[in-house]
Amino acid sequence: MANRIQAIRGVSDILPERSPAWRELEQVLIDVLDSYGYQEIRLPIMEKTEVFARAIGEHTDIVSKEMYSFADRNDDSITLRPEGTAGCVRAGLQHGLFHNQTQRLWYLGPMFRHERPQKGRYRQFHQIGVEAYGMAGPDIDAELILLCQRLWRQLGLDGLQLELNSLGSTESRAAYREVLVDYFGQHRDQLDDDSRRRLEHNPLRILDSKNPDMQALIADAPALADHLDDESRAHFAGLCELLTAAGIDYVINPRLVRGLDYYNHTVFEWTTDQLGAQATVCAGGRYDRLIEQVGGPPTPAIGFAIGLERLLELLGLDPGPRQPHVYIVTGEGAAARALQLADQLRDALPGLRVMSHCGGGSLKSQFKRADRNGALLALILADDELASDRVTVKPLRGQGEQHSVAQAAAADTVKELLAAAALPETDSTPQ
RNA sequence: GUGGGAGUAGCUCAGCUGGUAGAGCUCCGGAUUGUGGCUCCGGUGGUCGUGGGUUCAAGUCCCAUCUCUCACCCCA
């Protein structure tokens, strides 16, 4: 084990033990998205670097220090996607998806950021992203939040808190930024190192500082809410009304600022206190100017992303492996007939999971394997059976004695025995 | 990028003030010569993360490095 090659730091394998939980989670997410009429868009994992640099913002942390970028063989700069929105916008523009139409889209897959790994944060991680294009009003904002709420409910997850804020229109956001830089600039001596850095790049983030020494200064800072223009105020008020009407609990967090440059108006986060420092499970907001900014027509848009590793950790799903219904135990020289019999069963009984024993070994060891695999039935195909054209059926979970049947009748027998045994525990259906 | 904790068998871990490696589970075999689960017996499996240093002697002490982990930063 000493010098064996290892995976890249912060990048992990999802082993067979864990993959059923992923599948189950993904299935619930997809079913809910289907129920809202959202359609899947499959996007490349890498893009030209400028796709991200232009959309996310050159001086954000993501672009300035967290991207996996490399020169390809033509010396073009390519980047492994650190998030999904930029690529989604690129694809939508490239294929005219935003031309005089609205779109409701989702995508699912790995994202890459070169950060120091810690609980709930990895260099390759998975997000499901949901985006709605071409709709300017607060109704679509509310729809997305309701969609989230339904996801949590379907997953059996409670205890998430919804935090909301409005950054205002791009103009009012820019104006507020000036005011804030002014304010913190006058109190530069009271800022910690981090915040001094933020002052240049993302002054709004100072508001979100965890440093207790800065809280007083932050409390006295000019409030974002006081600098919203009328339209921004109306949009935000409209959203709040819709959420209240829908019975959604939320907290307005005036310090909620997102790290990516493209956000304006509504921003929101669903947070938990169960994941240590990584409290955010789902986050998103409006980016009405992004599409123009990257060369498209003015197109309002809003989206959010969910970190699947974080969600999975909260859920503690543990479905266990999919056990075979039938395990075929073979004697020497029975391999051909066993493989045939297995396929015969699969043909006759769709959905049946059949494993043929491969690799030889004593019957004892094969039975052990059948048991370990969780099979409900063992079918024995050895010398006696081959000679008599029969097969021995042995229930492994206490549904009666073993007996011999004609090979041609094997499927019927299996069907009867499985119908008699309660199957649900073997079908790893979500509970 | 910065700081704390940790790396001993495939997995979970023990190994006291340095004397040169152990358990449980898994896997393989046997008790049970066509038959799993329970029990018992036996076996495979470790250059103790890596490299260097101190010492007669290092899993144990020191340094470096890598990885994991938690936190800061930032984010999903």
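Core, helix α6 and aromatic contacts

Of the 45 residues in the largest nonpolar core, Y133 and F184 touch the most other members. The model is predicted, so local features need pLDDT of at least 70 and side-chain atom pairs pLDDT 80 or more, while totals for chains, interfaces and linings use all residues. Residues are numbered from 1 along each chain as its sequence is written, and side-chain values use heavy atoms, without hydrogens and water.

Q: Which element gives the most residues to the largest nonpolar core?
A: A nonpolar core is a set of buried Ala, Val, Leu, Ile, Met, Phe, Trp, Tyr and Cys residues joined through side-chain atoms within 4.5 Å. Elements that give two or more residues to this core include β5 (103-112), β6 (124-133), α6 and α2 (49-56). The most, 5 residues, come from α2.

Q: What span does helix α6 reach from its first C-alpha to its last?
A: Helices are DSSP runs of H or I with at least four residues, and strands are runs of E with at least two, numbered from the N terminus. The expected span is 1.5 Å times one less than the number of residues. For the 17 residues of α6 (170-186), 24 Å is expected, and the helix comes close to that, at 24 Å.

Q: Why are the buried residues of α6 on the same side of the helix?
A: Buried means under 20% relative accessible area, exposed over 50% and partly exposed in between, with a 1.4 Å probe and protein chains only. The buried residues of α6 are S172, R173, Y176, L180, Y183 and F184. They sit on the same side because the directions from the axis to their C-beta atoms cover an arc of only 95°.

Q: Which exposed residues does the face of α6 turned away from its buried side carry?
A: The buried side is covered by elements including α7 (193-201), α8 (215-219) and α9 (230-245). The face turned away from it carries E178 and Q186.

Q: What kind of pair do the rings of Y183 and F184 form?
A: Rings of Phe, Tyr and Trp (its six-membered ring) pair if their centres lie within 6.5 Å; planes under 30 degrees apart are stacked, over 60 edge-to-face, and the rest tilted. The whole structure has 8 aromatic pairs. In Y183 and F184 the centres are 5.1 Å apart and the planes at 70°, so the pair is edge-to-face.

Q: Which residues is S356 in contact with, leaving aside its neighbours within four places in sequence?
A: S356 is found in strand β13 (residues 354-356) and is buried at 16% relative accessibility. Contact means heavy atoms within 4.5 Å. Leaving aside those neighbours, the contacts of S356 are I328, A338, L339 and A342.

Methods:
Chains are lettered from A and ligands numbered from 1 in the order in which they are written.
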